[in-house]
Amino acid sequence: MAAARDRVVIDTDLLVDLLRDVRNVVDFIDEIEKKGYLLSTTIINAFELFYGAYKSKKRAQNLAATKRLLDRLIVLRMNLKSAEKAGQIHVELEAKGQLLGIRDAMISAITLTKGYSLVTRNIQHLQKIKELALIAVP
Amino acid sequence: MEQRKSGTATSRRESLNETTYYFFSLVEEMTELKTVKVSKQTYSKLSEIAGELQVKLKRPVSLDEAMQHLLTSKTKDKGIKITDLAGSWDMSDREWAEIKASLSEAWKRWQLPVTEL
């Protein structure tokens with residue numbers, strides 16, 4: 001499935017920066033939101049956000065904010081197709097000696113199979129996955 | 001009587017033609033469709049939303065259209081913006097760096113403690 005540039009998965013680091021009010025990230029997300037992009041994240045990123053909130057000193061506040069954020073985003077789930085793709089990505093890169101974490105393989109596979117582009121800071125690392133459409137944060 | 005019979009036959013034929021037309025339209029549409037299973041509760045809520053949309057748009061609205069509406073309106077409707085939540089986490093750079101390192105370790109371990117059932 002060809003990736004649509006106006007349907008994006010936002011990676012955990014950027015969502016955390018948004019929640020922590022890191023200005024350039026907030027401005028970037030604001031810009032793509034105004035352009036009418038469909039903003040989403042994956043169930044893996046949702047896990048990471050919850051992990052961060054539960055681990056934090058201000059657990060109750062951060063947990064409530066996490067739930068509000070995830071309620072406003074489309075959360076893409078893993079299915080059989082994306083599970084297969086994640087397995088394929090991981091094994092093919094492993095065979096080339098290019099290691100990629102399980103987490104990156106799963107997020108990439110969900111993004112790819114649903115026809116989204118991935119907004120991330122991890123461009124260099126994820127470029128190993130040729131079919132994956134990536135958007136860098138300025 | 002003859003006329004009535006003939007009239008009934010014509011209207012049945014028209015009705016059949018109409019049914020055939022809708023059948024083929026449906027088949028044509030179905031080639032682009034996928035089946036999803038939803039709970040009774042979700043189905044009922046979706047039907048409600050489709051009904052509300054139907055009133056608003058003054059035309060028939062399918063469940064598929066209702067779902068698309070929900071997906072695209074989630075971030076656009078009611079003036080709700082994702083960026084309204086900027087700054088809603090209270091966490092220093094240092095705390096986030098520690099949590100991130102801990103998360104990275106958790107991914108490397110990739111297993112949960114085994115508990116007896």
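## Contact range and composition of chain A

In this predicted model, 64% of the contacts in chain A between residues at least 6 apart in sequence join residues that are at least 24 apart. Chain A holds seven helices and five strands, and from the N terminus on its elements follow the order β-α-α-β-α-α-β-α-α-β-α-β. Of the 138 residues in chain A, 41% are buried.

## The parallel sheet of chain A

The five strands of chain A form an open sheet in the order S3-S2-S1-S4-S5, with parallel pairing. Its edges are strand S3 (74-76) and strand S5 (134-136) of chain A, each of which pairs on one side only. Averaged over the sheet, and with direction ignored, neighbouring strands are turned by 35° against each other. As a general matter, the strands of a sheet pair through backbone hydrogen bonds, in either a parallel or an antiparallel manner.

The pairings can be followed across the sheet, beginning at the edge strand S3(A), which is joined to S2(A) by three bridges, the two strands running parallel; here Ser40(A) has Ile74(A) in S3(A) as its bridge partner. S2(A) in turn pairs with S1(A) in the parallel sense over three bridges, and in this pairing the partner of Arg7(A) in S2(A) is Leu38(A). S2(A) is also mostly covered, with four of its five residues buried.

On the other side of the order, strand S1 (residues 7-10) of chain A and strand S4 (residues 117-120) of chain A pair in the parallel sense over three bridges. Two bridge partners in S4(A) may be named for this pairing: Leu118(A) is the partner of Val9(A), and Val119(A) is the partner of Ile10(A). S4(A) and S5(A), which run parallel, are likewise joined by three bridges. Leu118(A) appears again in this pairing, where its bridge partner in S5(A) is Leu134(A), so that, by the bridge criterion for strand pairing, Leu118(A) is bridged both to Val9(A) and to Leu134(A).

## Helix H6 of chain A

Helix H6 (residues 102-113) of chain A comprises twelve residues and reaches 16 Å from its first C-alpha to its last, which is close to the 16 Å expected at 1.5 Å a residue. The helix is mostly covered, since ten of its twelve residues are buried. These buried residues are Arg103(A), Asp104(A), Ala105(A), Met106(A), Ile107(A), Ser108(A), Ala109(A), Ile110(A), Thr111(A) and Leu112(A), a run that includes the charged residues Arg103(A) and Asp104(A). Just after H6(A), Gly115(A) takes a positive phi of about 80°.

As for its relation to the sheet, in which S1(A) and S4(A) pair over three bridges, H6(A) packs on that sheet and touches S1, strand S2 (38-42), S3 and S4 of chain A, its direction making about 145° with that of S2(A).

## The largest nonpolar core

The largest nonpolar core has 40 residues, and those with the most contacts inside it are Leu15(A) and Leu18(A). At least two residues of this core are supplied by each of S1, helix H1 (12-19), helix H2 (23-34), helix H3 (43-55), helix H5 (80-95), H6 and S4 of chain A. Among these, H6(A) gives the most, with six residues.

Leu18(A) also has contacts in both chains: leaving aside residues up to four places away in sequence, Leu18(A) touches Val25(A), Val26(A) and Ile29(A), together with Thr83(B), Leu85(B) and Ala86(B).

## Chain B and its contacts with chain A

Chain B has four helices and zero strands, its elements running α-α-α-α from the N terminus on. Buried residues make up 6% of the 117 residues in chain B, whereas the corresponding value for the 138 residues in chain A is 41%.

Between the two chains, 22 residues of chain B are in contact with 29 residues of chain A. On the side of chain B that touches chain A, helix H3 (63-73) and helix H4 (93-109) of chain B each supply at least two residues, and H4(B) gives the most, with six residues. By class, this side of chain B has twelve nonpolar, six polar and four charged residues.

Terms used:
Residues are numbered from 1 along each chain as its sequence is written. Chains are lettered from A and ligands numbered from 1 in the order in which they are written. This is a predicted model: local features need pLDDT of at least 70, side-chain atom pairs count only at pLDDT 80 or more; totals for chains, interfaces and linings use all residues. The expected span of a helix is 1.5 Å times one less than its number of residues. A residue is buried if 20 or more other C-beta atoms lie within 10 Å of its own, exposed if 12 or fewer, and partly exposed in between; C-beta atoms are placed from the backbone. Two residues are in contact if their C-beta atoms, placed from the backbone, lie within 7 Å. Axes are lines fitted to C-alpha atoms, for helices over the stretch in contact, and angles run from 0 to 180 degrees between N-to-C directions. A nonpolar core is a set of buried Ala, Val, Leu, Ile, Met, Phe, Trp, Tyr and Cys residues joined through C-beta atoms within 7 Å.
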